[in-house]
Amino acid sequence: MKDYYETLGVARDADAGALKSAYRKLAMQYHPDRNPGDAEAEAKFKEINEAYEILKDSDKRAAYDRFGHDAFANGGGGHPGAGGFGGFSAGGFADIFDEMFGDLMGGRRGNAAARGSDLRYNMEISLEDAFHGKTAQIRVPTSVTCDDCSGTGAEGGAQPVSCQTCSGNGRVRAQQGFFTIERTCPACQGAGQVIDKPCRSCEGAGRVHREKSLQVNIPEGVEDGTRIRLAGEGEAGMRGAPPGDLYIFLSVAPHRLFQRDGANIYCRVPLPMTTAALGGAVEVPTISGGRAKITVPAGTQTNQQFRLKGKGMPVLRSKAVGDMYVEVGVETPVNMTKRQKELLKEFEEAGEGRDTSPESSGFFARVKDFWEDLTD
């Protein structure tokens, strides 16, 4: 008989963690469900479980280390291969098995039906729609309840009958080597019921594929990435099971005039040099579709901002409203006439002795000091 340590592929001084890890790996590899009809794999699986059952128990392991397989001969210590579950404890192996093979054994019991899947719908809206809110009509390809059988999946309104394979339990038991495995019934897929005469329209599924028209209310102030849930508007469940939900993911399209930052709106406005120098008034658009006037003081510089309180975006599910910020960019004249150039030259000469451009004067003064420091 093969050494238990060799069976699990571990050293004789391996700790409990190493034993468990080795066992899991081998049990997964040789499990009968993953090797159907393979007698060698089934035999190997039995050897692995027998070895682990002994070595995981400190008392049995000590006896095995001292006496080898003789420690369990003639019933001593309860040899695990004697039949049934032998010396398996209620907790021990069962919890490890559930952890590793739970997905192979199904998750539904009795007459539990599969809820319909949730669906996702991507919708792009304009910044104006996000400001005002809107009601939109969308068409969603999905599965809906079959009208011909009212979702039962049975022809002529007949009721499903109890599954004979599992006696209506939704689960069956199968012998795997020396222990029994319970799994989802393959005949009814865990529903516990089957249909003798399937509906011709839905082929017994209780639902059919169709495009559904829905109305979506988009509230004021939604942001990019906002998710709207329409409960029960997802895919219909199998044979009358509850439907899933529909999730609408909103994206806000870029705007040609405005940029958004939370509840605030930003707009960059080009400003003629003369207006920036002499001052004046500028009319700007607002996201509401209206107009607002800002007063530009004389000497306004590029990137200077003006705040328009309450002209921004509404805050979702709140009475609060953001602000609008107008940022100006002073525009240098181009395509000037000869006379315009002459006037600018006169302007420059008339300003000799006066610091009309303090920012540039200060910058070049610092540059001069920098060069002088390099020559010292």
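**Note on ring pairs, charges and a helix crossing**

1. Phe363 is partly exposed, because its relative accessible area of 42% falls between the 20% and 50% limits. The model is predicted, so side-chain atom pairs count only at pLDDT 80 or more. Phe364 has a relative accessible area of 55%. That puts Phe364 in the exposed class, since exposed means over 50%.

2. Now the aromatic pairs. How many does a search of the whole structure find? The search returns 5. One of them joins Tyr266 and Tyr325. Their ring centres are 5.3 Å apart, and the planes differ by 15°. The pair is stacked, because stacked means planes under 30 degrees apart. Tyr266 belongs to strand β11 (residues 264-272) and Tyr325 to strand β15 (residues 324-331). The two tyrosines are 59 residues apart, so this pair links distant parts of the chain. Tyr266 is partly exposed, with a relative accessibility of 26%.

3. Phe363 and Phe364 form an aromatic pair too. Their ring centres lie 5.2 Å apart, with 75° between the planes. The geometry is edge-to-face, because the angle is over 60 degrees. As for accessibility, Phe363 is partly exposed, whereas Phe364 is exposed.

4. Tyr4, Tyr5 and Tyr64 make up one aromatic cluster. Tyr64 also turns up at the helix crossing in point 9, as a residue of α4.

5. Two charges over rings deserve a look. Lys44 lies over the face of Tyr30, 5.8 Å from the ring centre. The charged end of Arg120 sits over the ring of Phe249, at 3.7 Å from its centre.

6. Next, the salt bridges. Side chains of opposite charge can pair when their charged atoms come close. The count here comes to 18 salt bridges. Asp245 and Arg229 form one, with the closest N and O atoms 3.1 Å apart. Asp245 sits in the loop between β8 (227-230) and β9 (246-252), while Arg229 is in strand β8. The pair therefore ties together parts that are 16 residues apart in sequence. Is Asp245 buried or exposed? Asp245 is buried, at 8% relative accessibility, because buried means under 20%.

7. Arg307 and Asp323 also meet through their side chains in a salt bridge, 2.8 Å from N to O. This pair links distant parts of the chain, 16 residues apart. Arg307 is in strand β14 (residues 305-308), and Asp323 is in the loop between β14 and β15. The partners fall in separate exposure classes: Arg307 is partly exposed at 48%, whereas Asp323 is buried at 8%.

8. Lys345 and Glu348 form a salt bridge within a helix. The closest N and O atoms are 3.7 Å apart. Both residues lie in helix α8 (residues 338-350), 3 residues apart, about one turn of the helix. Lys345 is partly exposed at 47%, while Glu348 is exposed at 52%. Elsewhere, salt bridges that share partners join Arg115, Asp118, Arg229 and Asp245 into one network.

9. Last, the helix crossing. Where do α3 (residues 39-55) and α4 (residues 58-67) stand relative to each other? Their axes come within 6 Å and cross at roughly 105°. So α3 is roughly perpendicular to α4, because that class runs from 65 to 115 degrees. Glu53, Ile54 and Leu55 in α3 meet Lys60, Arg61 and Tyr64 in α4.

How values were computed: Residues numbered from 1 in each chain as written. Predicted model: local features only at pLDDT ≥ 70, side-chain atom pairs only at ≥ 80, totals over all residues. Heavy atoms only, no water. Phe/Tyr/Trp six-rings, centres within 6.5 Å; stacked < 30°, edge-to-face > 60°. Helix = DSSP H or I, 4+ residues; strand = E, 2+ residues; numbered from the N terminus. Buried < 20%, exposed > 50% of the residue type's maximum accessible area, 1.4 Å probe, protein only. Lys NZ or Arg CZ within 6 Å of the ring centre and 35° of its normal. Salt bridge = Lys/Arg side-chain N within 4 Å of Asp/Glu carboxyl O. Axes fitted to C-alpha atoms, helices over the stretch in contact; angles between N-to-C directions. Parallel < 35°, antiparallel > 145°, perpendicular 65-115°, else oblique. Contact = heavy atoms within 4.5 Å.
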